[in-house]
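Please open the structure in a viewer and keep the selection tool at hand. The tour goes from one selection to the next and says what is there.

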Amino acid sequence: MGQAVQPSMFESEYGNVFESNTDWNRIPTPEGDLYEWDHHSTYIQELPIFQDFSTEVGSIQGISGARALAVLGDSVTTDHISPAGSIPPSGPAGAYLMLHDVEQAEFNSFGARRGNHEAMMRGTFANIRLRNKLLPGSEGGVTAYLPSGAGSAEEGEPMSIYDAAMRYQEERTALVILGGKEYGTGSSRDWAAKGTSLLGVKAVIVESFERIHRSNLVMMGVLPLQFKDGENAEELGLTGYEVFDIDGVDDNLQPQQDVTVRARDAAGNEKTFSAIVRINSAVEIKYYRNGGILQSVIRDMVQKQPA
């Protein structure tokens with residue numbers, strides 16, 4: 001190594017690094033201290049969480065009148081939640097790209113378009129192997145949209161999970177996910193939590209979490225709740241067609257406390273059960289109160305600025 005590796009080699013390769021690549025230097029670049037967002041780009045867009053951003057920390061918001069966006073089984077992976085592979089032209093993400101004049105041959109993959117939340121939101125819960133019990137026998141990123149008063153699969157309108165989530169957002173309806181054991185297994189994929197949050201999901205209620213995905217949910221402002229031992233959606237008789245209220249989600253929220261979940265069906269019958277708040281520390285409470293870690297970091301930076 002002492003004979004073969006010489007300082008001159010690095011000097012010749014990197015000494016002129018900013019001028020030597022003519023192809024790179026021909027790419028037009030804006031000037032200034034702030035990035036200029038290109039609203040026509042299908043690869044990178046500004047996350048909506050920073051639009052109308054307040055530097056003040058708000059209060060923890062309660063969760064009531066929520067609908068289930070998906071009812072899932074055991075071992076749902078981060079790839080089920082946020083696939084990184086090819087973008088199907090028949091799905092919401094493919095339709096979005098074609099609307100923006102992107103040819104199918106140029107779709108690339110969800111992994112390559114992770115800088116654009118518009119594409120990634122449309123790809124959340126869009127794995128072709130996802131099985132949502134709200135639509136029995138279905139496979140893929142679909143659900144039953146449940147208008148006010150609906151309480152069964154027959155009354156639900158089948159559509160993509162993304163389209164249903166956007167309808168719920170227009171109606172200001174909070175969303176929950178119901179799941180089984182080992183929710184969020186697999187690789188640590190941050191968009192599995194980001195996409196969940198951007199779709200309007202406020203709580204994920206499951207039997208157990210993969211540890212990193214649980215943490216990622218908190219850091220995106222989504223409340224992870226765990227059924228008590230021996231309980232799950234099936235044992236409790238939950239169908240996912242109920243309306244959900246979660247009592248105890250307020251400024252007094254503490255790590256690993258119990259909260260009460262009330263599920264009310266279309267006939268007015270109510271099932272009540274306790275769930276464990278899987279926010280595990282005081283700093284995670286801080287992230288959750290801020291709406292996520294990104295908002296928390298920005299507010300901390302602003303507070304440390306000299307007056």
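Which residues line the largest cavity? Select Leu-47, Ile-49, Lys-194, Ser-197, Leu-198, Met-219, Met-220, Gly-291, Gly-292 and Gln-295, which form that lining. The model on screen is a predicted one. A search of the whole structure finds one cavity of 30 Å³ or more, and the volume of the largest cavity is about 70 Å³. Helix α8 gives the most to its lining, with three residues.

**The whole chain**

Now zoom out and show the protein chain as a cartoon. Its secondary structure consists of 11 helices and nine strands. Along the principal axes, the C-alpha atoms fill a box of roughly 75 × 50 × 45 Å. The chain has 307 residues, and 44% of them are buried. Take the contacts between residues at least 6 apart in sequence: 64% of these join residues at least 24 apart.

Switch to a surface view. The accessible surface comes to about 16500 Å², and carbon and sulfur atoms account for 49% of that. If you colour by charge, there are 25 positive and 42 negative charges, with mean positions 4 Å apart.

**The largest pocket**

Next, go to the largest pocket, which holds about 910 Å³ of space. It is lined by 32 residues, and those closest to its centre are Ile-49, Ser-197, Lys-202, Gly-291 and Gln-295. To see which elements surround the pocket, select α6 (117–123), α8 (190–198), β5 (201–206), α10 (282–290) and α11 (293–304), each of which gives two or more residues to the lining.

**Helix α8**

Select 190–198, the residues of α8. Is this helix enclosed or open? Seven of its nine residues are buried, so α8 is largely enclosed by the rest of the structure. The buried ones are Trp-191, Ala-192, Ala-193, Lys-194, Gly-195, Thr-196 and Leu-198. Of these, Lys-194 and Leu-198 also belong to the lining of the largest cavity. To see what covers the buried residues of α8, add α4 (78–81), α6, α7 (161–170), β5 and α9, which are among the covering elements. After α8 comes Gly-200, with a positive phi near 100°.

**Helix α10**

Move to 282–290, which is α10. Here Glu-284, Ile-285, Tyr-287, Tyr-288 and Asn-290 are buried. Show β1 (63–71), α9 (211–219), β6 (223–227) and α11 as well, since the buried residues of α10 pack against them.

Centre the view on Glu-284, within this helix. Is Glu-284 buried or exposed? Its relative accessible area is 8%, under the 20% limit, so Glu-284 counts as buried. Which residues does Glu-284 touch, apart from neighbours within four places in sequence? They are Arg-214, Ser-215, Val-218, Arg-278 and Ile-279.

Then step to Gly-291, which follows α10 and has a positive phi, near 90°. Gly-291 is also in the lining of the largest cavity and is one of the residues closest to the centre of the largest pocket.

**Two loop residues with positive phi**

Most residues other than glycine have a negative phi. The next two selections do not follow that pattern.

Select Asp-52, in the loop between α3 (22–25) and β1. Its phi is about 55°, a positive value, although Asp-52 is not a glycine. Asp-52 is exposed, with a relative accessible area of 83%.

Then select Glu-182, in the loop between β4 (175–178) and α8. Glu-182 has a positive phi too, near 55°. At 42% relative accessibility, Glu-182 is partly exposed.

**Two distances to draw**

Select Arg-67 in strand β1. This residue is buried, with a relative accessible area of 6%. Draw a line from its C-alpha atom to that of Ala-165: the two are 98 residues apart along the chain, and their C-alpha atoms are separated by 9.9 Å.

For the last stop, select Gln-303 in helix α11. At 57% relative accessibility, Gln-303 is exposed. A line from the C-alpha atom of Gln-303 to that of Met-1, 302 residues away along the chain, spans 50 Å.

Terms used:
Residues numbered from 1 in each chain as written. Predicted model: local features only at pLDDT ≥ 70, side-chain atom pairs only at ≥ 80, totals over all residues. Heavy atoms only, no water. Helix = DSSP H or I, 4+ residues; strand = E, 2+ residues; numbered from the N terminus. Buried < 20%, exposed > 50% of the residue type's maximum accessible area, 1.4 Å probe, protein only. Contact = heavy atoms within 4.5 Å. Areas by Shrake-Rupley, 256 points an atom, 1.4 Å probe, with all protein chains shown as cover. Lys, Arg positive; Asp, Glu negative; His and termini not counted. Charge placed at Lys NZ, Arg CZ, Asp CG, Glu CD. 1 Å grid on protein atoms, 1.4 Å probe; cavity = no way out; pocket = protein on both sides within 12 Å on 5 of 7 lines; lining within 4 Å. Points joined across faces, edges and corners; volume = space filled by probe spheres on them.
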